[in-house]
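Student: Could you take me on a close look at one short part of this model, and then show me how it fits into the rest? I am new to this structure, so please spell out the terms as you go.

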Amino acid sequence: MDSIHPGRYTAEVQGPFVVFIIGMRINRILAFARWLPVARAMRPMVEHLLAHRELGLLHAQAYAYWRGAALVQYWRSFEHLERFARDPALSHLDAWQRFNRAVGADGSVGIWHETYLVQAGQYECVYGNMPRFGLAAAGRHMKAVGARETAKRRLGREGEPAVPSYETP
């Protein structure tokens with residue numbers, strides 16, 4: 001288990017980056033043969049990307065929700081993400097083709113993704129009493145004090161805390 005960092009922290013990523021959220025939804029729960037291969041395809045891709053950081057993945061965080069699973073990914077650039085998605089030498093293109101052949105439009109499994117291009121300084125985040133998580137795991141983890149204490153300040157604007165912040169050891 002990751003160690004907890006008592007107090008309030010934020011994150012910093014140098015330059016622009018991409019947030020890519022991808023997921024699946026099980027539309028027909030008993031259609032195991034349709035959705036299980038989709039569910040199993042993501043882990044090997046992420047493990048490969050984490051072992052080969054030069055491909056551009058900064059961090060990935062998996063989530064399960066009723067009827068599905070999602071993965072939030074942080075990428076160095078859209079070009080890195082697109083290159084991974086389309087490269088026949090890497091695992092994603094094959095998984096994409098298998099999904100289209102096996103499931104296609106039969107409705108048993110839904111897939112989705114959202115891509116956000118984030119410019120430097122156009123994001124903010126805070127983590128209270130958490131392990132390194134999300135963007136803090138993808139970038140630099142630092143105390144949320146002073147110029148980093150409030151959401152407005154983290155975005156380079158003026159603003160006092162609405163509620164006094166607790167001490168960060």
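Tutor: Let's start at Ala151, which lies in helix 5 (residues 151-154); helices here are DSSP runs of H or I with at least four residues, strands are runs of E with at least two, and both are numbered from the N terminus. This is a predicted model, in which local features need pLDDT of at least 70 and side-chain atom pairs count only at pLDDT 80 or more, while totals for chains, interfaces and linings use all residues. Residues are numbered from 1 along each chain as its sequence is written, and side-chain values use heavy atoms, with hydrogens and water left out.

Ala151 counts as partly exposed because its relative accessibility is 35%; buried means under 20% relative accessible area, exposed over 50%, and partly exposed in between, using a 1.4 Å probe and protein chains only. To get a feel for distance, look from Ala151 to Ala105: the two are 46 residues apart along the chain, and their C-alpha atoms are separated by 42 Å.

Now move along helix 5 to Arg154. This residue forms a salt bridge with Glu124, with 2.7 Å between the closest N and O atoms; a salt bridge is a side-chain nitrogen of Lys or Arg within 4 Å of a carboxyl oxygen of Asp or Glu. The pair ties together distant parts of the chain, since Arg154 is in helix 5 and Glu124 is 30 residues away, in the loop between strand 5 (109-118) and strand 6 (127-130). Arg154 counts as buried because its relative accessibility is 15%, whereas Glu124, at 33%, is partly exposed. Side chains of opposite charge can pair when their charged atoms come close.

There is another pairing to see here. The side chains of Glu149 and Arg153 meet in a salt bridge at 3.1 Å, N to O, and Glu149 is buried, with 18% relative accessibility. Add Glu160, and you have a network of salt bridges linking Glu149, Arg153 and Glu160.

How many salt bridges does the structure hold? There are eight. Another one, in helix 1, makes a nice contrast with the Arg154 pair: Arg43 and Glu47 both lie in that helix, four residues apart, or about one turn. Their closest N and O atoms are 2.8 Å apart. Arg43 counts as exposed because its relative accessibility is 61%, and Glu47 is partly exposed at 45%.

Just before helix 1 (32-51), Asn27 sits in the loop that follows strand 2 (17-26). Asn27 is partly exposed, with a relative accessible area of 28%. Its C-alpha atom is 6.7 Å from that of Gly110, although 83 residues separate them along the chain. Apart from neighbours within four places in sequence, Asn27 is in contact (heavy atoms within 4.5 Å) with Arg67, Gly107, Ser108, Val109 and Gly110.

Finally, step back to the whole protein. It has five helices and seven strands, which run β-β-α-β-β-α-α-β-β-α-β-α from the N terminus. Of its 169 residues, 38% count as buried. Among contacts between residues at least 6 apart in sequence, 74% join residues at least 24 apart. The C-alpha trace spans about 55 × 35 × 30 Å along its principal axes.
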